[in-house]
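Colleague: Before we turn to the particulars, could you take me through how one reads the packing of a pair of helices?

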Amino acid sequence: SAAHLVWAGWGMVQLARTIGMKELGQVVSGLTYSLGGYLAARQGFFSMIWVAAWLPWIIVAIEGLIDHNQSLKWVRRPWMRLVVFLSFMLLAGHAQLSWYIILLAGIWTAWRGWHVGGMGGIGKTVVNLGGAGVCAGLVASVQLIPTFEYLMQSQRSGMVDYEVAMAYSFWPWRFLTLLAPDLFGNPGYGDYWGYANYWEDAIYIGMLPLLLAMGATWSIFTLKRGDGLRSLLILLWGVIAVGLLFALGANTPVFPWLYRYVPTFDMFNAPSRYLIWVSFALSLLAGVGAWHWVRPQGRVLYWTRLATAGAVAVSIGAGLTWLSAGEEIRTTFIRATVIAGVWGVGSGILALTMPPHNL
């Protein structure tokens with residue numbers, strides 16, 4: 001699995017380079033995806049790691065098809081790479097995550113194709129992706145066919161029961177763990193007390209990458225319509241919004257409706273696994289933020305200094321509470337708040353000491 005994390009990070013670096021990011025943005029994207037909570041917390045679930053490692057490589061191949069506006073011919077190198085990457089993903093052995101990645105690849109393909117060539121671009125890129133998917137399915141059929149036969153003899157031959165399908169819906173309180181991952185404890189310390197289990201809802205990507213991702217959002221409002229980066233940012237935030245909505249599962253009326261009326265939504269349990277979309281998109285956004293990261297000025301400088309001072313106060317206050325609190329406050333709250341404050345201070349110092357020009 002460690003090798004697959006390296007492969008996943010390298011794939012994000014290649015994708016960030018394909019998009020046009022400089023070295024700092026590439027490194028931030030690669031580290032954020034490969035070492036973020038979604039993959040790091042699933043180290044014991046090997047097949048999920050094996051599949052997730054291919055997501056950035058598949059998007060890299062799709063970007064190659066879009067950039068070169070290629071037709072569907074097997075001799076074309078980017079298209080062949082797409083077939084190879086899809087084949088390895090299908091052979092990795094986790095059908096649910098493979099399907100989620102295929103859905104994300106379809107969304108990415110349609111959006112990017114439309115940005116490049118309108119409706120004609122969508123048609124051409126979707127045909128490319130569909131053809132590559134068929135070829136990859138044929139390559140992986142040596143494993144897929146026996147797996148399908150076995151599936152037909154198992155308890156999963158029909159739709160998954162509603163209660164089972166909604167199990168491990170993303171717990172809304174875990175949104176707070178974007179800032180403090182162990183707010184509800186950590187199984188490594190033996191004190192996790194949150195809903196369901198720790199790793200299914202793991203969403204933390206790091207304090208600094210999160211702040212960089214949020215900072216990148218301002219480019220949506222400053223760049224002109226039609227700009228490639230602006231289109232990419234809109235796509236990434238759209239992926240995050242849809243991924244979170246699906247991951248919430250039974251906590252909103254959307255997923256139950258999809259379960260009843262839209263095919264494939266009744267095939268799996270654990271809607272929280274849609275968080276792979278969120279992890280992927282936030283990692284790229286963090287790279288974009290690092291790509292354009294410069295020392296703050298004007299009002300931004302004022303708010304950065306204020307936020308850094310606030311993080312210092314939070315750390316000190318939580319630390320004193322940790323020393324003096326009784327049983328009234330859970331230790332996990334205090335510990336996680338102290339650590340989040342320390343990371344906030346570090347992020348603020350880095351921002352305030354950045355070079356005045358982009359690296």
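Modeller: Let us begin with the term we shall lean on: contact means heavy atoms within 4.5 Å. Keep in mind, too, that this is a predicted model.

Colleague: Which residues of α6 meet which residues of α7?

Modeller: From α6 the contact takes in Trp79, Leu82, Val83, Leu86, Ser87, Met89 and Leu90, and these meet residues of α7 including Ser98, Ile101 and Ile102 as well as Asn128, Leu129, Gly131, Ala132 and Val139. By character, the residues of this contact of α6 with α7 divide into 13 nonpolar, six polar and no charged.

Colleague: And how does one describe the geometry of such a pair, and what is the angle between α6 and α7?

Modeller: Two packed helices are described by the angle between their axes and the distance between the axes. Here helix α6, residues 77-91, packs on helix α7, residues 95-139, at an angle of about 45°, and their axes are 7 Å apart. Since angles from 35 to 65 degrees fall outside the roughly parallel and roughly perpendicular classes, α6 and α7 are therefore oblique to each other, and their crossing is right-handed.

Colleague: How many helices and strands does the chain have?

Modeller: The chain holds 16 helices and zero strands. Its radius of gyration is 22 Å, close to the 21 Å given by the globule rule for 359 residues, so the chain is as compact as a globular protein of that length.

Colleague: What percentage of the residues count as buried?

Modeller: Of the 359 residues, 49% count as buried, while residues 24 or more positions apart account for 77% of the contacts with a separation of 6 or more.

How values were computed: Residues are numbered from 1 along each chain as its sequence is written. This is a predicted model: local features need pLDDT of at least 70, side-chain atom pairs count only at pLDDT 80 or more; totals for chains, interfaces and linings use all residues. Side-chain values use heavy atoms; hydrogens and water are left out. Axes are lines fitted to C-alpha atoms, for helices over the stretch in contact, and angles run from 0 to 180 degrees between N-to-C directions. Helices (H or I, at least four residues) and strands (E, at least two) are DSSP runs, numbered from the N terminus. Angles under 35 degrees count as roughly parallel, over 145 as roughly antiparallel, 65 to 115 as roughly perpendicular and the rest as oblique. A crossing is left-handed if the near helix is turned anticlockwise from the far one by less than a right angle, and right-handed if clockwise. Ala, Val, Leu, Ile, Met, Phe, Trp, Tyr, Cys and Pro count as nonpolar, Asp, Glu, Lys and Arg as charged, and the others, Gly among them, as polar. The radius of gyration is taken over C-alpha atoms; the globule rule is 2.2 Å times the number of residues to the power 0.38. Buried means under 20% relative accessible area, exposed over 50%, partly exposed in between (1.4 Å probe, protein chains only).
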